[in-house]
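Student: I have a model to go through. Can we check each label against its rule?

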Amino acid sequence: MTDQKQAVEERTADETHALDGRVLGARYRIGALIGRGGMATVYRGYDLTLGRDVAIKILKRDLAGDSAFRTRFRLEAQAASRMANQAIVRVFDAGEDVAADVNADRPIPFIVMELVHGVLLKDLIALGPVPAADASRYVDGILEALEYSHRAGVVHRDIKPGNVMVTDAGQVKVMDFGIARAVSDTSSTVAETTAILGTAAYFAPEQAKGEPVDGRADLYSTGIVLYELLTGRPPFRGDSPVAVAYQHVSETPVTPSLVNETSPRAFDPVVLRALAKEPSQRFPDAASFREALDAASDGKAPSKRAVGSLTTQLYGEDPRRAAETARSLRQLSTDNTMTRTQSGPPVAWIWAGVALITVLVASLLFWVVQTDPLNPVPASARIVPTVAGMDLEHASAELTDEDLVSSPTTEPSDTVVEGVVIRTDPAAGEKVEPGTEVTVVVSEGPKVSVVPKLVSASEADARAAIDGAELLVGTVTPRNDPELAAGTVISAQVNGRDVVEGDEVPSGSTVNLVVASGRVTIVDYTGGTLALAQSELEAQGLVVTPAEDAGCQAEGSSPLVHKQSAVGDVPVHSTITLTYCTGE
């Protein structure tokens with residue numbers, strides 16, 4: 001942990017401790033911390049006037065001193081307090097308290113909200129894809145909230161699983177209209193401050209480009225949530241927020257059914273429509289989205305070709321995939337100058353948006369130069385279509401339609417689902433002659449390694465074999481086994497499951513070993529019968545030597561063990577002497 005990060009966490013902990021038990025506005029007592037967001041911290045609270053539990057959102061200290069952010073915080077309360085719908089977390093009150101500081105009193109802006117008992121949708125998604133029926137129900141709840149808020153003229157702007165609760169009764173509730181503002185609000189200060197805010201994984205393309213947004217941006221973000229519910233992961237992932245934002249603007253998503261084979265294909269067109277790059281090609285409103293979602297839950301699966309045609313219709317050939325753009329993106333997304341070091345609005349996000357727009361404009365110019373509008377494509381030439389993101393069957397059909405010959409090949413990929421096209425050679429957009437052979441590179445999925453012979457091998461040999469198979473040695477756990485010599489491998493596990501020779505696992509996986517300790521554990525049989533002690537010790541592979549002791553008196557007809565030479569952990573195949581009494 002860096003010193004700066006540690007200082008921030010320590011300061012946050014100090015603030016949380018200082019607020020515990022404080023009464024805001026002479027009415028709301030602060031309780032335990034519930035959660036933290038980018039702009040505010042949420043506590044459990046108690047309304048002393050009405051005698052009820054509430055949630056209290058308090059603007060973070062480094063933002064509370066900024067008047068623009070306090071204005072935005074107040075607008076959130078005003079916008080949210082006008083909405084009363086079962087799918088929206090209610091806002092009861094808002095205010096501003098003060099706290100004494102070293103130099104001067106500092107403001108404590110707060111919002112009092114409904115306390116919701118349940119689980120965050122992001123925590124459900126973290127467990128993996130959810131059944132399609134549940135995904136449809138959760139998204140329908142989000143759309144119900146948006147249908148209401150959009151009629152009220154409020155765009156949420158930050159729809160994501162972390163802002164959606166599922167109550168203990170199964171009710172979906174959307175919360176945190178923290179970046180929402182009335183569509184009719186023309187306050188330049190607040191609008192400019194919030195233009196590039198949000199969460200990159202759920203950005204609509206127009207948000208990523210810093211353009212004005214309307215309710216269709218919320219529908220795009222909801223489409224991302226639906227995708228994540230069906231597949232367990234978002235459609236676009238990258239090493240930085242800028243890289244992810246770029247994909248929202250320019251990349252075609254892989255359909256959910258190709259990512260997760262249990263996802264019904266009937267949902268693919270719904271997701272593709274919601275994720276259209278152009279707002280005009282998305283669902284016009286939340287009600288239309290809900291109708292399509294309901295139809296998908298009951299409708300038959302479309303053909304792969306129909307889905308492919310819709311993909312082409314919505315996403316086109318997309319010239320912004322040019323190598324020059326990708327190179328510019330990599331440079332931008334690895335730029336470490338965007339670290340936020342100042343309090344107040346996250347200006348770096350705004351500059352990231354400006355830089356992203358610059359990249360896109362440059363990409364468009366690059367495409368115009370490359371396509372040369374003054375020299376149109378000759379009638380005899382063909383343009384290699386964009387088939388990345390399709391399955392091989394559909395990609396081959398697209399190439400055949402263009403009088404081109406598909407030549408498939410495969411390669412491993414950690415980022416593209418098995419069976420999905422990664423790229424072509426010649427690349428999409430290039431001019432070629434009819435009948436040209438186009439190499440279609442299809443993902444084999446992650447590179448795999450074959451588990452070598454490990455069981456019964458020595459630990460040293462097993463380690464060497466694991467290294468040779470491009471795998472990693474994990475934990476080595478000793479276990480007593482009466483038949484095996486010390487260091488002999490008993491079993492091997494990858495990701496919590498047993499593996500044996502010949503199994504395929506992702507390359508680089510960690511292999512945990514269980515090896516024989518070379519010892520067995522024996523109990524003390526002193527006072528027990530010799531016959532029982534000898535039987536159980538021999539069953540553990542030990543050699544038992546009975547020894548008579550005439551110096552002590554025998555009791556009963558069965559000899560009893562008077563002494564035992566060893567107790568506890570002993571080497572396998574050890575000799576144990578059991579002394580028994582024979583005297584009268």
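Tutor: What follows is a run of short questions, each label set against its cut-off.

Student: What kind of model is this, and how many helices and strands are in the protein chain?
Tutor: This is a predicted model. The protein chain holds 18 helices and 27 strands. Of its 584 residues, 44% count as buried.

Student: Which share of the contacts with a separation of 6 or more comes from residues 24 or more positions apart?
Tutor: Such residues account for 68% of those contacts.

Student: Why is leucine 392 called partly exposed?
Tutor: Its relative accessibility is 29%. Buried needs under 20%, and exposed needs over 50%. The value falls in between, so leucine 392 counts as partly exposed.

Student: Where is leucine 392 found, and what is it in contact with beyond its neighbours within four places in sequence?
Tutor: Leucine 392 is in helix α16, residues 392–401. Its contacts outside that window are Ser406, Pro408, Gly419, Val421, Val440 and Val442. Take valine 421: it is 29 residues from leucine 392 in sequence, yet the C-alpha atoms are 6.4 Å apart.

Student: Which residues of α16 are buried?
Tutor: His394, Ala395, Ser396, Ala397, Glu398 and Leu399. After α16 comes aspartate 403, with a positive phi near 60°.

Student: What makes the link between aspartate 47 and arginine 27 a salt bridge?
Tutor: The N to O distance is 2.8 Å. The cut-off is 4 Å, so the pair qualifies. By this rule the count comes to 16 salt bridges.

Student: What does the pair of aspartate 47 and arginine 27 tie together?
Tutor: Aspartate 47 lies in strand β3 (residues 40–47), and arginine 27 in the loop between β1 and β2. The pair therefore ties together parts 20 residues apart in sequence.

Student: Are aspartate 47 and arginine 27 buried or partly exposed?
Tutor: Aspartate 47 has a relative accessible area of 1%, under 20%, so it is buried. Arginine 27 has 22%, between 20% and 50%, so it is partly exposed.

Student: How do you know that arginine 282 and glutamate 206 form a salt bridge?
Tutor: Their closest N and O atoms are 2.7 Å apart. That is within 4 Å, so the rule is met. Arginine 282 lies in the loop between α11 and α12, and glutamate 206 in helix α7, so the pair ties together parts 76 residues apart in sequence. Both arginine 282 and glutamate 206 are buried.

Student: Why does the pair of lysine 447 and glutamate 470 count?
Tutor: The N to O distance is 3.2 Å. It is within 4 Å, so this is a salt bridge too. Lysine 447 lies in the loop between β16 and β17, and glutamate 470 in the loop between α17 and β18. Lysine 447 is partly exposed at 41% relative accessible area. Glutamate 470 is partly exposed at 45%.

Student: Which residues are linked in a network of salt bridges?
Tutor: Asp140, Glu147, Arg151 and Arg290.

Student: Why is α8 described as largely enclosed by the rest of the structure?
Tutor: 16 of its 17 residues are buried, so the description holds. Helix α8 (residues 215–231) also gives the largest share of the largest nonpolar core, nine residues. That core has 79 residues. Among those with the most contacts inside it are Leu143 and Phe289. Leucine 143 is in contact with Phe289, and its other contacts include Leu219 and Leu293.

Student: How do you know that the span of α8 agrees with the expected one?
Tutor: At 1.5 Å a residue, its 17 residues should span 24 Å. The end C-alpha atoms are 25 Å apart, which agrees. Glycine 232 follows α8, with a positive phi near 85°.

Student: What makes β18 and β20 edge strands?
Tutor: The open sheet has four strands in the order β18-β22-β19-β20, with mixed pairing. β18 and β20 each pair on one side only. Neighbouring strands in this sheet are turned by 35° against each other on average, direction ignored.

Student: How do you know that β19 and β22 pair?
Tutor: Pairing needs at least two bridges, and these strands have five, so they pair, in the antiparallel sense. Valine 489 stands opposite valine 515 in β22. Helix α17 (residues 459–468) lies across β18, β19 and β22, at about 160° to β18.

Definitions and conventions: Residues are numbered from 1 along each chain as its sequence is written. This is a predicted model: local features need pLDDT of at least 70, side-chain atom pairs count only at pLDDT 80 or more; totals for chains, interfaces and linings use all residues. Side-chain values use heavy atoms; hydrogens and water are left out. Buried means under 20% relative accessible area, exposed over 50%, partly exposed in between (1.4 Å probe, protein chains only). Contact means heavy atoms within 4.5 Å. Axes are lines fitted to C-alpha atoms, for helices over the stretch in contact, and angles run from 0 to 180 degrees between N-to-C directions. A nonpolar core is a set of buried Ala, Val, Leu, Ile, Met, Phe, Trp, Tyr and Cys residues joined through side-chain atoms within 4.5 Å. A salt bridge is a side-chain nitrogen of Lys or Arg within 4 Å of a carboxyl oxygen of Asp or Glu. The expected span of a helix is 1.5 Å times one less than its number of residues.
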